[in-house]
Amino acid sequence: MERVYIGLGSNLADPQQQLRGALQALAELPGSRLAAVSSLYASDPLGPADQPRYVNAVAALETDLEPLALLDALQRIELAQGRERKAERWGPRTLDLDILLFGERLIDQPRLQVPHYHMQARAFVLYPLAEIAPPELVLADGRRLVDLLAACPFRGLERLVNTSVTDAVTNVTRR
């Protein structure tokens, strides 16, 4: 099994519930085990400013799935939760699931780039990742997580404290 880190985000249709549903679906993937989940964070949207703030998290998944098979599974989860793929880049969405890191693999394929492109500039990815990754984590491309954090300020982020979400996430990871 390989450890995969997955970024989760939503800003439509009860975002916290969307993330809970996605975590449940991740826990049920064949040949996989949900190993850890970060806190939830509210973040400003990257794209058009006239959309709601996002709720983000990062999950660690232990999986036997190959990268493209996992990507297909993640896209099925997104669709099942109402995701519509539109031409508007960084627009509002019910659910966004991104493979951030896949073990120690460097992947550069038309459908999948790992480490995830621009993750180094996204506080809503790096800070939740740092909660659940080992402090000495080195990405497959040689960059160290601590260096990425130092170069990416905790700006536009708010760590959410909500016991019902925390309890739901804890229950999923205990399965």
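In the predicted model, Ala 13 is placed in the loop between S1 and H1. Its phi is near 55 degrees, a positive value in a residue other than glycine. Ala 13 counts as exposed because its relative accessibility is 54%, and exposed means over 50%. A positive phi also occurs at His 118, where the value is near 65 degrees. His 118 belongs to the loop between S7 and H3, and at 41% relative accessibility this residue counts as partly exposed. The loop between S7 and H3 also holds Pro 115, which is joined to Val 114 by a cis peptide bond with omega of about 0 degrees. Most residues other than glycine have a negative phi, and most peptide bonds are trans.

The largest nonpolar core has 30 residues, and those with the most contacts inside it are Leu 26 and Ile 99. At least two residues of this core come from each of strand S1 (2-10), helix H1 (15-27), strand S2 (32-37), strand S3 (40-43), S4, H2, S5 and strand S7 (112-114). With residues up to four places away in sequence left out, Leu 26 touches Ile 6, Leu 8, Leu 34, Ala 59, Leu 61, Leu 74 and Ile 77. A second core, separate from this one, comprises 23 residues, among them Ala 36, Tyr 127, Leu 129 and Cys 152.

Two aromatic pairs are found in a search of the whole structure. In one of them, the ring centres of Tyr 41 and Phe 154 are 6.2 Å apart and the planes lie at 65 degrees; the pair is therefore edge-to-face, a class that applies to planes over 60 degrees apart. This pair links distant parts of the chain, with Tyr 41 in strand S3 and Phe 154 in the loop between helix H4 (145-150) and strand S8 (157-160), 113 residues apart. Tyr 41 is buried, with a relative accessible area of 4%, whereas Phe 154 counts as partly exposed at 41% relative accessibility. Phe 154 also forms an edge-to-face pair with Tyr 127, at 5.1 Å centre to centre and with 90 degrees between the planes. Here too distant parts of the chain are linked: Tyr 127 is in helix H3 (residues 123-132), 27 residues apart from Phe 154 in the loop between H4 and S8. Tyr 41, Tyr 127 and Phe 154 are thus linked by ring pairs into a cluster. Elsewhere, the ring of Tyr 117 has the charged end of Arg 122 over it, 5.4 Å from the ring centre.

The count of salt bridges comes to 10. One of these joins the side chains of Arg 105 and Glu 66 at 3.1 Å, N to O. Distant parts of the chain are linked by this pair, as Arg 105 lies in the loop between S5 and strand S6 (107-109) and Glu 66 in the loop between strand S4 (54-63) and H2, 39 residues apart. Arg 105 counts as partly exposed at 27% relative accessibility, and Glu 66 is partly exposed with a relative accessible area of 47%. A salt bridge between the side chains of Asp 44 and Arg 53 has an N to O distance of 3.0 Å. Asp 44 counts as partly exposed at 42% relative accessibility, as does Arg 53 at 34%. The side chains of Arg 143 and Asp 141 also meet in a salt bridge, with 2.8 Å from N to O. Both partners are partly exposed, Arg 143 at 26% relative accessibility and Asp 141 with a relative accessible area of 35%. Salt bridges that share partners join Glu 2, Glu 66 and Arg 105 into one network.

A polar contact involves Gln 81, located in the loop between helix H2 (67-80) and strand S5 (96-102). The side chain of Gln 81 reaches the backbone nitrogen of Ala 22 at 3.1 Å. Apart from residues up to four places away in sequence, Gln 81 touches Gln 18, Gly 21, Ala 22, Thr 94 and Leu 95. Gln 81 counts as buried because its relative accessible area is 18%, and buried means under 20%.

Key:
Residues are numbered from 1 along each chain as its sequence is written. This is a predicted model: local features need pLDDT of at least 70, side-chain atom pairs count only at pLDDT 80 or more; totals for chains, interfaces and linings use all residues. Side-chain values use heavy atoms; hydrogens and water are left out. Helices (H or I, at least four residues) and strands (E, at least two) are DSSP runs, numbered from the N terminus. Buried means under 20% relative accessible area, exposed over 50%, partly exposed in between (1.4 Å probe, protein chains only). A polar contact is a pair of N or O atoms within 3.5 Å; within protein, one must be able to donate a hydrogen and the other to accept it, and residues adjacent in sequence count only if both atoms are side-chain atoms. Contact means heavy atoms within 4.5 Å. A salt bridge is a side-chain nitrogen of Lys or Arg within 4 Å of a carboxyl oxygen of Asp or Glu. A nonpolar core is a set of buried Ala, Val, Leu, Ile, Met, Phe, Trp, Tyr and Cys residues joined through side-chain atoms within 4.5 Å. Rings of Phe, Tyr and Trp (its six-membered ring) pair if their centres lie within 6.5 Å; planes under 30 degrees apart count as stacked, over 60 as edge-to-face and the rest as tilted. A charge sits over a ring if NZ of Lys or CZ of Arg is within 6 Å of the ring centre and within 35 degrees of the ring normal.
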